[in-house]
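Work through the exercises below with the sequence and the model open. Try each task before reading its solution.

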Amino acid sequence: MKKLFSTLLVAVLLLGTLTACMGGNKMDDPIFLAQILDEDYDLGLIVDDEDVSMHADDLEIREKGISWLLWAEPSDDGGEKLGCFIFCEDVDTAKKMAADLEKYLDKNDELREFMVRCTIERSGDMVFFGCEDVWEDAQEA
């Protein structure tokens with residue numbers, strides 16, 4: 001009976017581990033995303049409240065609810081393919097953030113013209129703002 005129980009417990013634990021590995025969304029984890037993009041991109045991970053506030057002001061978005069910012073620029077680019085992943089505390093904040101970024105982009109035609117294929121995307125509690133190429137690279141990894 002002990003052997004059966006032990007075997008069953010091990011099987012359940014292995015199944016739980018396997019499910020956890022398969023079910024995770026890489027777009028929810030800034031560290032994992034940074035590791036994926038690190039080879040081809042120059043990265044800046046911003047976690048300090050003061051720095052988050054400064055970047056939020058630059059993008060004319062609310063800083064409340066932002067946990068992390070991950071800036072990514074291809075190592076061989078002159079800024080035209082820049083991307084910013086904004087990690088929010090929850091999905092509702094991310095939805096509002098995406099709407100704020102749409103307004104910001106509508107007011108800044110120069111930015112839209114400067115940045116190649118500029119887009120705003122949302123995945124759960126993360127919002128992406130920048131060149132579509134950066135977004136696609138993050139999705140493919």
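The exercises below concern a predicted model.

**Exercise 1.** State how many helices and strands the chain has, and give their order.

*Solution.* Count first: the chain has six helices and five strands. Then read from the N terminus: α-α-β-α-β-β-α-α-β-β-α.

**Exercise 2.** Classify the ring pair of Tyr104 and Phe129, and say which elements it joins.

*Solution.* Start with the count: there are three aromatic pairs. In this one, the ring centres lie 6.1 Å apart and the planes meet at 65°. Planes over 60 degrees apart count as edge-to-face, so the pair is edge-to-face. Next, place the residues. Tyr104 sits in helix 4 (residues 91-107) and Phe129 in strand 5 (residues 126-131). The pair therefore ties together parts 25 residues apart in sequence.

**Exercise 3.** Decide whether Tyr104 and Phe129 are buried or exposed.

*Solution.* Buried means under 20% relative accessible area. Tyr104 has 12%, so Tyr104 is buried. Phe129 has 4%, so Phe129 is buried too.

**Exercise 4.** Classify the ring pair of Phe128 and Trp135, then give the burial of each residue and the cluster they belong to.

*Solution.* The centres are 5.4 Å apart and the planes stand at 35°, so the pair is tilted. Phe128 is buried at 0% relative accessibility. Trp135 is buried at 11%. Ring pairs link Phe85, Phe128 and Trp135 into a cluster.

**Exercise 5.** Describe burial and exposed surface for the whole chain.

*Solution.* Of the 141 residues, 36% count as buried. The chain exposes about 8,800 Å². Carbon and sulfur atoms supply 53% of that area.

Key: Residues numbered from 1 in each chain as written. Predicted model: local features only at pLDDT ≥ 70, side-chain atom pairs only at ≥ 80, totals over all residues. Heavy atoms only, no water. Phe/Tyr/Trp six-rings, centres within 6.5 Å; stacked < 30°, edge-to-face > 60°. Helix = DSSP H or I, 4+ residues; strand = E, 2+ residues; numbered from the N terminus. Buried < 20%, exposed > 50% of the residue type's maximum accessible area, 1.4 Å probe, protein only. Areas by Shrake-Rupley, 256 points an atom, 1.4 Å probe, with all protein chains shown as cover.
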